[in-house]
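Here are some exercises to work through with the coordinates open. Try each task before you read its solution.

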Amino acid sequence: MIPASFDYHAPGTLPEALALLSKYGDDAKVLSGGQSLLPLLKLRLGQTGHLIDIGRIPGLEYIREEGGLLRIGGRTRESALEGSELIRSRYPILHDTAKVIADPLVRNMATLGGNLAHGDPGNDHPATMLALGAQVVATGPKGERVIPIEQFFLGLFRTALRPDEVLTEIRIPVPPARSGGAYLKLERKVGDYATAAAAAQVTLGSGGTVERVGLALTNVGPTPVKAVDAEKFLVGKQPDAATLGEAAQRAAKAASPSADRRGSVEYKREMARVLATRALKLAVERAGGR
Amino acid sequence: MQPRTSPEVGGMGHSMKRKEDPRFIRGKGNYVDDIVLPGMLWMDIVRSPFAHAKIKSINTEKALKVPGVLAVITGETLAKYNLHWMPTLMSDTQMVLPTEKVMYQAQEVAAVIATSRYAAADGVDAVEVDYDPLPVVVNPFKALEPNAPVLRTDKKDKKDNRIFHWEAGDRAATDKAFAEADVTVKQALYIPRIHVASIETCGCIADFDRVNGKLTVYMTTQAPHAIRTVFALVAGHVGLSEERIRIVSPDIGGGFGGKVPVYPGYVIATAASVVIGKPVKWIEDRMENLQADSFARDYHITAELAARKDGTITALRMKTLADHGYADAAANPSKFPAGLFSICTGSYDVSKAFVEVDGVYTNKPPGGVAYRCSFRVTEAIHAIERITDVLAQELKMDPAELRMKNFIPKEKFPYKSALGWEYDSGDYEPALRLAMDKIGYAALRKEQAEKRARGELMGIGISSFTEILGAGPSKHFDILGIKMFDSCELRIHPTGKAIARFGTKSQGQGHETTYAQIIAEELGIPASAVQVEEGDTDTAPYGLGTYASRSTPTAGAAGAMAARKIREKAKKIAAYLLEVSEDDLVWEPGKFSVKGAPSRSKTIQEIAFAAYTNHPPGMEAGLEAVNYYDPPNLTFPFGSYICVVDIDRGTGMVKIRRFVAVDDCGNIINPMIVDGQIHGGLTMGMAPALLEEISYDENGNNQAGSFMDYLVPTAVESPSWETFKTVTPCPHHPLGAKGVGESATVGAPPAIANAVVDALSHLGVKHVDIPITPEKVWRLLKEKGLAE
Amino acid sequence: MAMHDIQVTVNGAPYDAQVESRLLLVHLLRDQFRLTGTHIGCDTTHCGACTVLLDGQPVKSCTVLAVQANGRQVSTVEGLEKEGKLHPLQEGFWEKHGLQCGYCTPGMLMTTCALLKKNKNPSEADIREAISGNLCRCTGYNNIVKAVQFAAERLGKEA
């Protein structure tokens, strides 16, 4: 449980951090909450020459709505998300998600930015951000770059973030009226990664039909799975039980889970379907639907 | 039962606060890793990634260049002192460090000694081992096939992977009863390998003092004296002599049987300290603990019952294959290679029975230990309670009714079971009735019927277990030849306070309190004034340690007996002081008084003072006694547990809605401590029922080698346990107590398994193996067309 | 590899240390500062035996680097008792038999200490959820819940 040696830097400003990242390139890693990175280093499953701790840089932790966007600083702790009244009341899908990440102690250190940047399909926020249609702000030596979330997850432990960038902000469009969302996670016990999980964010139109929907799945593929086919199917339809069920079927088809101790491929795919059904149903209820 | 003593004295029956807590709540416990000795070095271990492989070479060059690394110890090093192999507690042999091949994944291959914890870890990373993989044997059934690779090539003339064959009962009579039965049921069940996973892992500091030729080892051990004697026998040839070996168990962070075996790490650290002449500390990390230390269970059982149409069980038959890993390193009494598995007739009056157990080698860590249970009792009770429910289902009889029909009736105790045990006392029916009353059994059955009509799934599971504890009478019980008595050395000081030392070793069971309460009960000295010590072999009387719930039955009894010897002497002193004959004296806790003249009395404190200042002429001064207690029999606590579960038809997840536990452990020393033991045992019983399992793939790779996949329940998975008692005293124990540390781990898994099967029985499901994962349930639902 | 000079305030007292980058906070506390009340129980950030308060928040000190604690406040179990008076949680664990082997206990105490600051009247479910990052093998958790409820009541009276 003892990491191999590395050098540690605690820059006081973002430009300093970026300069260090540029200098050390692939041999450097950003230390945000450290709750994904340090466990890897302790087991010597990952190696790095330089840890760039962004923990001393002011202005990276905030939750605020402005300009039609919910803006969350990259280093915002999961516990802050969980405890935020704004998030709980207006973005229940995000509250649902923060609540089930690891355990309460880990959440006091773990950050939203880290949860996304790590590129682990087992992490919970990616699916939720896909469902919300979020944007990731990456700050590098040349300034800010806004990356749509659909383009952020490239592969297993690979994101669009460059080695010389820090994930500084997540932007979520403020949902219109008659919107609701839910994140449901099946886990073997508290603290586990998802056997499967589903994030659903829905906006209903005036006739009660689905105007906009985001549906994504956790830990059933090498990246978080955006259920594009299911989303297309739902738009314009009444969100009755049969329709939601059909959408969930389609979402499950988009999943490509691997077998492990949490379940076989068949079971995980089925759980993706069951959870997608339930998440959609709850999202619709919260949107003021039936 | 009303306590005989006042709360200030704190004898039996008082829920007094624990005397050991003040240090723990302040973070001032003294666990092995808290101890630092001058000049201490650190040891870390290189482990094999392969389950079965020849070692072609071990290259230590890079490791020796790591700053802080002083030495690398290999099997070759130890072979020079003939310490590379050692005996196990079951008289098998196991490697300390290999010279030829490794036989399980995570086996110790070499040890690095360094000046710091971190340098030792770096050293381990730098040792280069070249392996030549060999065919792996993981399936115990395949291990018995004629063309299976023979694993123990170190044993001359060994041509197979068999370890032992053991049987009990009357095969012919049992077979006959089966042939003649109205109804027979048969069920194969597997009780998987699990791990005790105490929160503190194993470790030691071995400190060989060259000047005095004395070895002191601070060790996470539940049985310090046994360790000392084993060390003296094993390493006598390198100059270690028992009077100059001291084993110290300081505070232990949970044992549960996992800290009974002698692990290679202890021996290597000791060898290192002897050779280098400095203290060497070894603390394993969690993954090492889970992957290399002794496992529990791993029994493949076929259970059968024969019965009459009306539900009377007439015979029981069980056949078991025991997977022991590559060495039989179980910690059973030596004549019982399958432990006390023959308790498997359980709480039922079964006149004909036959059991057989075959042990087999595989490429897995050696073992197995009695994990929070008496030896192999969890396996036995799981089998009988499951097959009883299978019978109930076959007969379409209510499982509570079937049990009541077959319980050994109170009048038959002491009861001689068909497999040779004499159960001391029992009154099973009231315990089950109490459980049924507390859970609201009739209403639940009604609710179940209504829910079934709506396609909802709920189940009610019963487990009525009998445990067998307190190993054990010297006639039948020994470990490596050492009889399984236990001991107490009790001394009363002039000011009436006491010190009591025992041969057992608490790892959280509260002995510093409960033993003091026993002395308080017998002598009337307040428990708060009785200092209890265990764990230092230099001072404690010889004992076999604490595991398999044996402490209260053996050492607790020894404490009572020693106290009674003291009372005898105290009576003589009192008679002398009061100038009466002993026959004129009456005892109540704390004092002797004259019959008919109660104001003429001497307190135990006055008597103690007199023992040093005014003792009768011709009598030795002092007031102390030693007792080595040889229990006349084992003890048989019992209970009935009822569990209610609800099943999610979409995910297969099982949620425990309620769990009622009625336990009978005879007379109770400290009710609060007993309840604590039961709560803990229930959570540790729920864990293998729903969550915990160590499994291996076909290459012998451990698939649950960390807490990521070895699922220890949190406070969220663990229900709010409801506990109740009946009290049926033990007729042969001086205090009427039976012991209770582990009953719940035995009784809980079948209650939960029975509840899940009960939830699905109307669909035709007869059995589910533990752990009952959501996927297992979901598959059954899918099969039966009931998945969401 | 560079060494770092750090200062950490532990239980209100300043401690200086010179540490490797990779030194874990739990090892700083136990091995260098000799505050051995904080324990180590696993290697995958699951068990919570190492829980301390970092600037008032309960965290797993095995998954924090010592250098990350530079200039910050750490509270450990050794700091709960003030001038010979036990913290109500310590009293509660003692009264209600909330510990057996004592190994997970410091972690439980620190986590629940932070809980009671945030939530003065936690329900059983709140308590179980709050300690879901702290594993116990001995107690079955029932009495830990009772211990915390005892402390909440005691703190309520003291307020």
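A salt bridge here is a side-chain nitrogen of Lys or Arg within 4 Å of a carboxyl oxygen of Asp or Glu. Keep in mind that the model is predicted.

**Exercise 1. The interface of chains B and C**

Task: Find how many salt bridges link chain B and chain C, and describe the contact around them.

Solution. Start with the residues: chain B brings 56 residues into contact with 51 residues of chain C. Next, take the area. The two chains bury about 4400 Å² between them, and carbon and sulfur atoms give 55% of that. On the chain B side, Ile25(B), Tyr118(B) and Ile199(B) supply 19% of the area buried against chain C, more than any other three residues. Now apply the salt-bridge rule, which gives a count of 7 between chain B and chain C. One to look up is Arg117(B) with Asp31(C), where the closest N and O atoms are 3.1 Å apart.

**Exercise 2. The interface of chains A and C**

Task: Repeat the analysis for chain A and chain C; which three residues of chain A supply 24% of the area it buries there?

Solution. First, the contact takes 30 residues from chain A and 37 residues from chain C. The buried area is about 2600 Å², with 61% given by carbon and sulfur atoms. The three residues asked for are Met1(A), Tyr8(A) and Leu105(A), and no other three residues of chain A supply as much of the area buried against chain C. Finally, the rule finds 2 salt bridges across this interface. Asp103(A) and Lys60(C) meet through their side chains in a salt bridge, at 2.6 Å from N to O.

**Exercise 3. A pair between chains A and B**

Task: Which residue of chain B forms a salt bridge with Glu266(A)?

Solution. Searching the whole structure gives 103 salt bridges over all chains. For Glu266(A), the partner is Arg779(B), with the closest N and O atoms 3.1 Å apart. Then place both ends: Glu266(A) sits in helix H11 (residues 265-286) of chain A, and Arg779(B) in helix H19 (residues 774-783) of chain B, so the pair crosses between chains.

**Exercise 4. Two helices of chain B**

Task: Are helices H17(B) and H18(B) parallel or oblique to each other?

Solution. Begin with the axes of H17 (residues 671-690) and H18 (residues 743-760) of chain B, which come within 7 Å and cross at roughly 40°. Angles under 35 degrees count as roughly parallel, and H17(B) and H18(B) are therefore oblique. The crossing of H17(B) and H18(B) is right-handed. To see what fills the contact, look at residues including Ile678(B), Gly681(B) and Leu682(B) of H17(B), and Ala744(B), Thr745(B) and Ala748(B) of H18(B). Sorting the contact residues of H17(B) with H18(B) gives 10 nonpolar, 3 polar and no charged.

**Exercise 5. Backbone exceptions**

Task: Where do the cis peptide bond of Ile770(B) and the positive phi of Arg178(A) occur?

Solution. Recall the background: most residues other than glycine have a negative phi, and most peptide bonds are trans. Ile770(B) is joined to Pro771(B) by a cis peptide bond with omega about -5°, and Pro771(B) lies in the loop between H18 and H19 of chain B. Another cis bond joins Gly367(B) and Gly368(B), with omega about 10°; Gly368(B) belongs to strand E18 (residues 367-369) of chain B. Last comes Arg178(A), not a glycine, yet with a positive phi of about 60°. Arg178(A) lies in the loop between strand E10 (166-173) and strand E11 (179-186) of chain A.

Key: Residues are numbered from 1 along each chain as its sequence is written. Chains are lettered from A and ligands numbered from 1 in the order in which they are written. This is a predicted model: local features need pLDDT of at least 70, side-chain atom pairs count only at pLDDT 80 or more; totals for chains, interfaces and linings use all residues. Side-chain values use heavy atoms; hydrogens and water are left out. Axes are lines fitted to C-alpha atoms, for helices over the stretch in contact, and angles run from 0 to 180 degrees between N-to-C directions. Helices (H or I, at least four residues) and strands (E, at least two) are DSSP runs, numbered from the N terminus. Angles under 35 degrees count as roughly parallel, over 145 as roughly antiparallel, 65 to 115 as roughly perpendicular and the rest as oblique. A crossing is left-handed if the near helix is turned anticlockwise from the far one by less than a right angle, and right-handed if clockwise. Contact means heavy atoms within 4.5 Å. Ala, Val, Leu, Ile, Met, Phe, Trp, Tyr, Cys and Pro count as nonpolar, Asp, Glu, Lys and Arg as charged, and the others, Gly among them, as polar. Buried area is the accessible area (1.4 Å probe) that two parts lose on being put together, summed over both.
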